[in-house]
Amino acid sequence: MNRTHTPALPWYEDMGPGSGGLEPRAWYAGSDSGRMSLNGEWRFRLSPGAAAHDESFVRPGFDASGWKKLAVPGHWVLQGAGGAPAYTNVVYPFPVDPPRVPAENPTGDHVRTFDLPGRWPGDGEVVLRFDGVESCARVWLNGQELGHFKGSRLPHEFAVGGLLRAEGNVLAVRVHQWSSGSYLEDQDQWWLPGIFRDVTLLERPQGAPRDFFVHAGYDHRDGSGTLRVECDGAEGRIVLPELGVDVATGEAVTVAVEPWTAETPRLYDGELVTAGERIPLRVGFRTVVVKDGVIRVNGRRVLFRGVNRHEFHPETGRTVDAATMRRDLALMKQHNINAVRTSHYPPHPAFLDLCDELGLWVIDECDLETHGFAGLEWRNNPVDDERWTPALLDRAARMVERDKNHASVIIWSLGNECGSGRGLTAMAKWIRGRDPERLVHYEGDLSCRDVDLYSRMYPAHAEVELIGKRAEEPWGDEELDARRRAMPFIMCEYGHAMGNGPGGLSEYQRLFERYERCQGGFVWEWIDHGIAHPGHGFAYGGDFGEELHDSNFVCDGLLFPDRTPSPGLIEYKKVVEPVRIEPVAGAGACAVRISNGYDFAGLEHLDFVWSYEVDGALVESGALDVPDLAPGASAEVGLPMEGDGVWTVRAVLARDTAWGERGHVVAWGQVEAGAAGAAGAPAAAVGERPERSEGVITLGAGVFDAATGALVRLGAVPVEGLRLDVWRAPTDNDNGAAWEPDERYGLRWRELGLHRMRHRTDAVEVGEDALVVRTRVAPAGVGQGLRTAYRWTADGERLGLTVSVVPEGEWRVPLPRLGIRFGLPAAYGGARWFGGGPGEAYPDTRSASVLGRWQMSVDAMQTPYVRPQENGARADVRWAELTDGSGVGVRAEGGAPFWFTARRWTSEQLDAAEHVTELRAGETVWVNLDHAVQGIGSQSCGPGVLPEYRLDAEAAEFSFVFSATG
Ligand code: IPT
């Protein structure tokens, strides 16, 4: 018999989770004196393969002084220590042959030496804890092997007391970039190897508990909290002085408490006191259940205004410092976000402490994704192969045990995008057994057999509506269908925030408000993972020469990589605002309806203020008296003045909080009254006669080229290329994703040639009271075109333009935009307008646009999407001016409110750029004044533009009145 000999697999390729480590337990920082950080400067050597070097480096006395210095925690690929980041979304960046990994397996040997603090080691044990190493590690202390582990974003501990010396300890860690664990960690993110979270030595005194589990429920019927702390390996007492609690571990005590919620994150400080150790506790009382098909916390339905958060920093990757974590959470709270899904792995443990403290609902997700098997029809999927189940259960246990004492964590998630399989069922079963007091989530299995809630990613609005009615399509098994229809519904991902967008958020929000079953969702995602790069500004997939990559799909966050909020975040803040301030329909313009949309909180923490503006100038402002409304209640409140301007009512923080200062705006609404001067259309500019002489036509302040009819000057200001414009640099959402069912208009526009329209002048008609220029605008190669007439009039000071457009041929695609564009000399770089602002807005992303008078430079009007694309439009503009430093320039008033965009490059240049650093200011400020623009949608991963926001090619007429300023 001829048998192929298969050698036993090395540890990093076997399917097991590792060996030699301690059982998982609850995470806490440890006391100051009982903790020693091993973060800092280590020595590092990179090898191209797993076996390139022997293990002599682990022995005390080995001289590593010639090795590179490396900061731990950190990723070696981000420290110039060799190798580079690589980005893939779904595909594995190596041949799929589980559990084997490629021969090219970058291997980082890490060493550091340390002395113990004076009084160490005491009489107890000392453990060595790794909070995160990608993708696996083998560990030696003083030459002695401790064991090895996989599970990159999970803690691993070893007992080391017996091996420690007072001085000269040598800790050696060998990290392989690829391991069998990599098959379980196929999340959509950069592949970033290294010891990327803390390394710590922790004293475990004799008589200290091995583990503890805080159970703190709340009974909303009588306002009582019940506390019980299970303590493993020791006995002791639980002391919560503020509540007068002093009770033995294992025993339950019931007292009157204030409950913990994300809106009112009430924590009680206390201690678990054992013979060996006093462990600080921060207890939040709350109970989460599914009742009558709805997730209820403390008896009430909750609405998730959530985001998916990856751990990311543009310089340090998944090594995220404490200040950045707090900043993330403060930004979330400031933008009305109340929930986080820790996509797609447990975060740094300190992040959850902050969630408890600041108040966020958390879906804690296990470090598990096998998405790359989707392309192989899920053949050999580890989650449906029992040989992998121990590794899956190990991951489930490491997450649950580590994080079980956090009030903020209310849902466990098995992982992301793993298909379905027995391993997931085993995880769910284990989690339920260990912690029946939380809910179980997993999105990837439509049967929902293992979970407590129905969760989906990126469904279209119409489908969400069906789900809201508990009438979604059957899945295939009657019993499971019935069970699922009785479940609450969330979108674990929606609103793909890639590039400009997402559009359609407010329409989702209305569905969440209408259908009790729809309990909100989590926008994908919190931050762009752009890596700081000397040439590109921020790098994305492909910028490091990756063989396989998914380009800028890694930049799909509500924050830019440097954590400045994108317009998407400003929009989301407005869409999910917990207080609604709306004009009262029909009651004149002098009242607003104020609705409390919190689930638990009253309005006592808010002040209400009003201001009244005419044509953008503040006339008066004051405080508004609003009764303290209970959650869900609303009241009509009269405004103190009458008039024809714009009222703005704001709800602001009445006091400083842990995340926002007094005066921070939580919610706002506007009432536009009457035909305010600013809102009315300008009077027609008529009366002057066009005159032809020496190659030019003069009409009032306008000078035109006699042959082409093109405007060349307005008063003193040279004007270039004023003409119809329908093109925009396609957004990521215009381009859409291959797997989405709808038309990918960005691609269709380019096929049709909308980026290379030709303008043919058919007639330049000098009439009695007008100059009329007739043209046809069309791309080469096709029959479709736009008959376009420009009718110019003047009244001396002012120049009127009416553009009429009639499509010819069959237009099967909407237009990107419909309006005019023209160029002004670079000096006219100051913008002022009355309309929506301060930031950009598009038809389906305009909730946050505030009507007012705005002023900023053209440079400041740009939104720096990591991959350049259409941006910067201002909505609902009544007039706009572009001026030089002395106030000389051009003013345009719209016959109707228009969209205003100005930039120092053309749409074609914007379209051609791959990184913002390629955009260079030229000699011209290019201005677009649009009658209409196409919506944004979220088709880069999700539904396209809703029908009401499509710009269909239809006959249209629009007008502007131009004048010189200054
Ligand atoms: C979904 C993933 O869960 C998430 O990690 C991210 O990749 C997101 O899409 C898009 O950015 S999976 C998608 C193919 C539906």
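**Why these terms apply: rings, charges and burial**

Biologist: What makes A81 count as buried?

Modeller: A81 has a relative accessible area of 5%. The cut-off for buried is under 20%, so A81 is buried. The model is a predicted one.

Biologist: Where is A81 placed, and which residues does A81 touch?

Modeller: A81 is in the loop between strand 4 and strand 5. Leaving out residues up to four places away in sequence, A81 touches F44, L46, K68, L70 and W76. The C-alpha atoms of A81 and G542 are separated by 20 Å, with the two positions 461 residues apart along the chain.

Biologist: F44 and W76 both appear among those contacts. Why is the ring pair of F44 and W76 called tilted?

Modeller: The structure holds 37 aromatic pairs. In the pair of F44 and W76 the ring centres are 5.4 Å apart and the planes stand at 35°. A pair needs centres within 6.5 Å; stacked needs planes under 30 degrees apart and edge-to-face over 60, with the rest tilted. The angle of 35° fits neither of the two outer classes, so the pair is tilted.

Biologist: What parts of the chain does the pair of F44 and W76 tie together?

Modeller: F44 lies in strand 3, residues 40-47. W76 lies in the loop between strand 4 (68-72) and strand 5 (86-88), so the pair ties together parts that are 32 residues apart in sequence. Both F44 and W76 are buried.

Biologist: Why is the pair of Y268 and F285 called edge-to-face?

Modeller: The centres of the rings of Y268 and F285 are 5.8 Å apart, and the planes are at 70°. The limit for edge-to-face is over 60 degrees, so the pair of Y268 and F285 is edge-to-face. Y268 belongs to strand 21 (residues 268-274), while F285 is in the loop between strand 22 (278-283) and strand 23 (288-291), so the pair ties together parts 17 residues apart in sequence. Y268 and F285 are both buried.

Biologist: Which residues form one aromatic cluster?

Modeller: Y92, F94, W178, Y183, W191, F373 and W388 form one aromatic cluster.

Biologist: How do you know that the charged end of K574 sits over the ring of W668?

Modeller: The charged end of K574 is 4.1 Å from the centre of the ring of W668. The distance limit is 6 Å, with a further limit of 35 degrees from the ring normal. R484 lies over the face of Y454 as well, at 5.2 Å from the ring centre.

Biologist: What makes E672 and R878 a salt bridge?

Modeller: The closest N and O atoms of E672 and R878 are 2.9 Å apart. The limit is 4 Å, so the pair counts as a salt bridge. E672 lies in strand 42 (residues 665-672) and R878 in strand 56 (residues 874-883), so the salt bridge ties together parts that are 206 residues apart in sequence.

Biologist: Are E672 and R878 buried or partly exposed?

Modeller: E672 has a relative accessible area of 37% and is partly exposed. R878, at 7%, is buried. The dividing value is 20%.

Biologist: How do you know that R903 and E870 form a salt bridge?

Modeller: The closest N and O atoms of R903 and E870 are 3.4 Å apart, and the limit is 4 Å. R903 lies in strand 57 (residues 889-903) and E870 in the loop between strand 55 (850-857) and strand 56, so the pair ties together parts that are 33 residues apart in sequence. R903 counts as buried at 1% relative accessibility, and E870 counts as buried at 1%. Elsewhere, salt bridges that share partners join E134, R153, E185, R318, D367 and R395 into one network.

Biologist: Why does E636 count as partly exposed?

Modeller: E636 has 47% relative accessibility. Partly exposed lies between 20% and 50%, so E636 falls in that class. E636 forms a salt bridge with R593, with the closest N and O atoms 3.4 Å apart. The pair links strand 40 (residues 634-638), which holds E636, to strand 37 (residues 591-596), which holds R593, 43 residues apart. R593 also counts as partly exposed, at 30% relative accessibility.

Biologist: How many salt bridges does the count come to?

Modeller: The count comes to 85 salt bridges.

Biologist: What makes the radius of gyration agree with that of a compact globule?

Modeller: A compact globule of 966 residues would have a radius of gyration near 30 Å, and the protein has 31 Å, which agrees. Buried residues make up 61% of the 966 residues.

Note on methods. Residues numbered from 1 in each chain as written. Predicted model: local features only at pLDDT ≥ 70, side-chain atom pairs only at ≥ 80, totals over all residues. Heavy atoms only, no water. Phe/Tyr/Trp six-rings, centres within 6.5 Å; stacked < 30°, edge-to-face > 60°. Helix = DSSP H or I, 4+ residues; strand = E, 2+ residues; numbered from the N terminus. Buried < 20%, exposed > 50% of the residue type's maximum accessible area, 1.4 Å probe, protein only. Rg over C-alpha atoms; globule rule 2.2 N^0.38 Å. Salt bridge = Lys/Arg side-chain N within 4 Å of Asp/Glu carboxyl O. Contact = heavy atoms within 4.5 Å.
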